[in-house]
Amino acid sequence: MTKTALAIHGGCGVMAKQDLSEADWAAARVDLYRSLLAGWAVLQSGGSALDAVQAAVVVMEDSPHFNAGHGAALNTDGEHELEASIMDGRTLETGAVTLAKCIRNPVNAARRVMEKGDAVLLGGSAADDFARVEGINIVDQSYFRTDKRVNALAAMKAHASAGTVVEASESEKHGTVGAVALDAAGHLAAATSTGGYNNKPAGRIGDTPIAGAGTYARDGACAVSGTGKGEFFIRYTVGHEVASRIRYLDETVEQSSVKVIMEELGSHNIGAGLVAVGADGSIAAPYNTAGMFRGWVTTEGRFFVATHEEVYAL
């Protein structure tokens with residue numbers, strides 16, 4: 001039996017510490033812990049890595065503190081267009097949805113797409129219709145909206161009008177949630193969910209629903225979930241790149257993840273981060289922004305959460 005491990009992220013666009021009260025940061029850490037508890041409970045009961053990452057992501061999709069599900073970003077038209085994917089490292093099967101407008105938990109729809117096997121990626125009204133037929137919870141757009149995202153959209157529109165988009169904070173731009181896990185059978189899985197970035201063009205599709213870019217899992221190598229400027233994650237096929245460096249260059253999860261985030265993506269001066277877990281249970285969570293909502297459970301069963309540099313042992 002393999003030792004189990006779990007890691008999650010809630011996006012790398014963490015605001016400067018002074019932008020929120022300590023009570024708000026603490027509330028976000030509580031939801032990170034709740035996400036870890038949900039995923040870890042699956043693993044500890046002998047469940048699959050696939051079930052664990054799905055359970056962990058659902059908790060963050062239901063939280064207003066992260067840019068996925070409830071609390072998702074708004075596009076230029078003031079609408080929510082949601083994306084999610086999930087991948088099984090044992091079989092390389094994957095499922096995803098994009099441009100969804102009424103699926104409460106997009107990761108659940110992505111899992112069902114994978115299980116049905118008729119497609120890998122469904123988008124727009126077809127994704128919403130699929131979820132409805134499959135009995136997945138459907139909600140009105142108003143469910144996803146929060147004051148934080150409305151304000152962020154206004155801020156990004158102001159930046160766009162003033163020509164100062166490059167000066168926008170990471171928190172004004174984007175955010176994502178994701179989870180990676182190793183189960184007792186030695187299998188890996190990854191899942192990612194997002195609302196995209198604030199003031200994104202209507203119809204824009206990012207890296208989150210793209211297998212090999214924002215989400216990737218392969219037994220014997222690693223599972224990866226990314227967050228940041230999705231266009232670059234697609235160009236660099238970040239998830240696959242991290243796994244390939246491990247497979248072909250014999251790098252550790254930490255070495256490979258840091259190389260991709262800090263050097264390859266870092267050279268473009270964009271915000272980026274990821275969480276990854278290796279076949280041996282090792283965990284990496286590099287980011288190049290002011291902070292990243294993140295947490296993990298080690299193979300020894302120790303829990304940790306963080307938003308900035310300080311890591312809290314639980």
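**Salt bridges around helix α3**

E134 is partly exposed, with a relative accessible area of 24%; partly exposed lies between buried, under 20% relative accessible area, and exposed, over 50%, with a 1.4 Å probe and protein chains only. The model is predicted, so local features need pLDDT of at least 70 and side-chain atom pairs count only at pLDDT 80 or more, whereas totals for chains, interfaces and linings use all residues. Residues are numbered from 1 along each chain as its sequence is written, and side-chain values use heavy atoms, with hydrogens and water left out.

E134 forms a salt bridge with R112, and the closest N and O atoms of the pair are 2.7 Å apart; a salt bridge is a side-chain nitrogen of Lys or Arg within 4 Å of a carboxyl oxygen of Asp or Glu. E134 lies in the loop between α4 and α5 (147-162) and R112 in helix α3, so this pair ties together parts that are 22 residues apart in sequence. R112 is itself partly exposed, at a relative accessible area of 26%. Side chains of opposite charge can pair when their charged atoms come close.

A second salt bridge stays within helix α3, where R111 and E115 are 4 residues apart, about one turn of the helix. Their closest N and O atoms are 3.1 Å apart. An α-helix has 3.6 residues a turn, so residues three or four places apart point the same way. R111 counts as buried at 12% relative accessibility, whereas E115, at 44%, counts as partly exposed. These residues belong to a network of salt bridges that links D51, R111, R112, E115, K116 and E134.

Helix α3 spans residues 106-116, and its buried residues are P106, V107, A109, A110, R111, V113 and M114. Helices (H or I, at least four residues) and strands (E, at least two) are DSSP runs, numbered from the N terminus. The cover over the buried residues of α3 includes the helices α2 (49-61) and α4 (124-133). It also includes the strands β2 (82-88), β3 (94-100), β4 (121-123) and β6 (188-194). After α3 comes G117, with a positive phi near 75 degrees.

Another salt bridge is found in helix α1 (residues 22-44), where R34 and D31 are 3 residues apart and thus separated by about one helical turn. The side chains of R34 and D31 meet at 3.1 Å, N to O. R34 is partly exposed, with a relative accessible area of 41%, while D31 is buried at 10%. The structure holds 16 salt bridges.

The protein chain as a whole has 9 helices and 13 strands. Its radius of gyration is 17 Å, close to the 20 Å that the globule rule gives for 314 residues, so the chain is as compact as a globular protein of that length. The radius is taken over C-alpha atoms, and the rule is 2.2 Å times the number of residues to the power 0.38. Along the principal axes, the C-alpha atoms fill a box of roughly 55 × 45 × 35 Å. Of the 314 residues in the chain, 59% are buried.

Contacts (heavy atoms within 4.5 Å) often span long stretches of sequence: among those between residues at least 6 apart, 67% join residues at least 24 apart. The mean positions of the 26 positive and 37 negative charges are 1 Å apart. Here Lys and Arg count as positive and Asp and Glu as negative, with His and the chain ends not counted, and each charge is placed at NZ of Lys, CZ of Arg, CG of Asp or CD of Glu.
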